[in-house]
Amino acid sequence: MLKEFIDVLVIGAGPSGCVSASHLHNKGIKVKMVEKTKFPRLVVGESLIPRVMDHFAEAGLFESLDAMNFEKKLGARFIRGEEICIFDFSKKYGEGWDWTWQVPRADFDNTMAQEVIRKGIDLEFESEVVSISFEGKKSITVIKDKNGELKEVHANFVIDSSGYGRVLPRLLDLDTPSKLDPHSAIFTHVVDVNRPEGEEGTLISFDILETEVWLWVIPFSNGNTSLGVVGPTHFINALSENNDTREALNNAVNFSEYYIKRFGDVPFNFEPVKLENYSRSVKRMYGDGFALTGNSSEFLDPVFSSGVAFATESGMLAAKLYLKETKGISVDWETEFTGYMRRGIGVFTTYVKEWYTGNLQTLFFHQPENPDVKEKICAVLAGYVWDETNPFVRKHDNLVKNMAHLINMEYEAQKNLSV
């Protein structure tokens, strides 16, 4: 069997894998990437948040992505009936990027993959990890290429960025149930023939159909728009008696008073894809000789577009900690990797949970707006969830819940007075 000897094996060529591989390559590390699919390929995660821009810039990928002229995302709009709340990233608390992109992931990921190849990184498409074994921190991974040929890849470290492929969680029995309630999604793309001019047509929107059910609308610069519905799995399954995803998504669009005219009669570009019970978690995020990044470790919920940000954050961090070890510096992976990532994931988990309880929606739509509260929540939505100077990060466990409770008490008091 053919053998290859490298420093780091990166499994998966999505944003997490490309960021980690590019950063390592830039530092002189011999990297090999393997990707099971053929690019370009369809995948979700089309709305980014500003924190990812730090990672693309640091990894040397920003210029190639910027040249693609993807739709700029300057904020996000939340709709509930006639109520509208818009977050502007330029008005967030603290430092950081004020914009990011809305992207067809097939084009976006392929752009990154071609850029890492141009840099000189060995990226092998249509190659599958068959098995892995560890001898201390060193590993031997058996790879099967598109012709069915097997080879051994000997590496000093493995970064699993395989996303929903979840290669190492599957091979090493690391999967564990998510702490979030089971939710599912159905999505497709449409040619956005009825798109209004300006911000009204291009701003990403979340249209709340019921407290736990919402429609996503993500316009792209190519004239297409991603259209999806998210909700509890039992609700999503009930949208069609025959599990017909086309009928289900049509029914969801028909529930939206805001978007029925724009998308009600627009044909779908492809059969809508169903993602059932999408939340994922793992028993641990690292081990001797490997680290899990992106969706191969943890995926929360699409509601605040945190997926790619956590993917690139963990991919960059895993690369940096490996580099630290190569310099002979001891790394406490539990504290420096798992602990760090868990803090950010914990903040977003709170916001996802409070979204579905309705508490966060109470804060979003409360009038009159509190500019101070809004800019601090905006920083969280932008992905700056490690900034402990922000009370909406530091006190995330109870601040949203307590503020919503006070607003609801005030509302009830006013209602009683009017009676």
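This is a short dialogue about reading a predicted model of one protein chain.

Me: Let's begin with the fold. How many helices and strands are there in the protein chain?

Reply: Secondary structure is a good place to begin. The protein chain has 15 helices and 21 strands. Its radius of gyration is 22 Å, close to the 22 Å given by the globule rule for 419 residues, so the chain is as compact as a globular protein of that length.

Me: What box do the C-alpha atoms fill along the principal axes?

Reply: Roughly 80 × 45 × 40 Å.

Me: And what share of the residues is buried?

Reply: For this, look at relative accessible area, where under 20% is called buried. Of the 419 residues in the protein chain, 56% are buried. You can also look at the surface itself: the accessible surface comes to about 17,900 Å², and carbon and sulfur atoms hold 50% of that.

Me: What part of the contacts joins residues 24 or more positions apart?

Reply: Here you take contacts with a separation of 6 or more and ask how many span a long stretch of sequence. In this chain, residues 24 or more positions apart account for 72% of them.

Me: Now the charges. How far apart are the mean positions of the positive and negative charges?

Reply: Average each set of charges, then compare the two points. The chain has 45 positive and 60 negative charges, and their mean positions are 5 Å apart.

Me: How many salt bridges does the count come to?

Reply: The count comes to 25 salt bridges. One of them joins the side chains of E313 and R51, with 2.8 Å from N to O. This pair links distant parts of the chain, as E313 sits in helix α10 (residues 307-326) and R51 in helix α2 (residues 51-58), 262 residues apart.

Me: Are E313 and R51 buried or exposed?

Reply: Compare each value with the 20% cut-off for buried residues. E313 has 5% relative accessibility, so it counts as buried. R51 has 18% and therefore counts as buried too.

Me: Which residue forms a salt bridge with R166?

Reply: That is D175, and the closest N and O atoms are 2.5 Å apart. R166 counts as buried because its relative accessibility is 5%, whereas D175, at 35%, counts as partly exposed.

Me: Where do K376 and D372 lie?

Reply: For a salt bridge within a helix, check the spacing along the sequence. Both residues lie in helix α13 (residues 371-381), 4 residues apart, about one turn of the helix. Their closest N and O atoms are 2.6 Å apart. K376 is buried, with a relative accessible area of 11%, and D372 is partly exposed, with 39%.

Me: Which residues are linked in a network of salt bridges?

Reply: Try selecting E4, K32, D122, E124 and K151, as these are linked in such a network.

Me: One last residue, please. Where is G14 found?

Reply: For a single residue, combine its place, its burial and its neighbours. G14 is found in the loop between β2 (8-11) and α1 (15-26). Its relative accessibility is 9%, so G14 counts as buried.

Me: Which residues does G14 touch, not counting residues up to four places away in sequence?

Reply: G14 touches E35, R41, D109 and M112. By contrast, I260 is 246 residues from G14 along the chain, and the C-alpha atoms of the two are separated by 33 Å.

Key:
Residues are numbered from 1 along each chain as its sequence is written. This is a predicted model: local features need pLDDT of at least 70, side-chain atom pairs count only at pLDDT 80 or more; totals for chains, interfaces and linings use all residues. Side-chain values use heavy atoms; hydrogens and water are left out. Helices (H or I, at least four residues) and strands (E, at least two) are DSSP runs, numbered from the N terminus. The radius of gyration is taken over C-alpha atoms; the globule rule is 2.2 Å times the number of residues to the power 0.38. Buried means under 20% relative accessible area, exposed over 50%, partly exposed in between (1.4 Å probe, protein chains only). Contact means heavy atoms within 4.5 Å. Accessible areas come from the Shrake-Rupley method with a 1.4 Å probe; for residues, only the protein chains shown count as cover. Lys and Arg count as positive and Asp and Glu as negative; His and the chain ends are not counted. The place of a charge is taken as NZ of Lys, CZ of Arg, CG of Asp or CD of Glu. A salt bridge is a side-chain nitrogen of Lys or Arg within 4 Å of a carboxyl oxygen of Asp or Glu.
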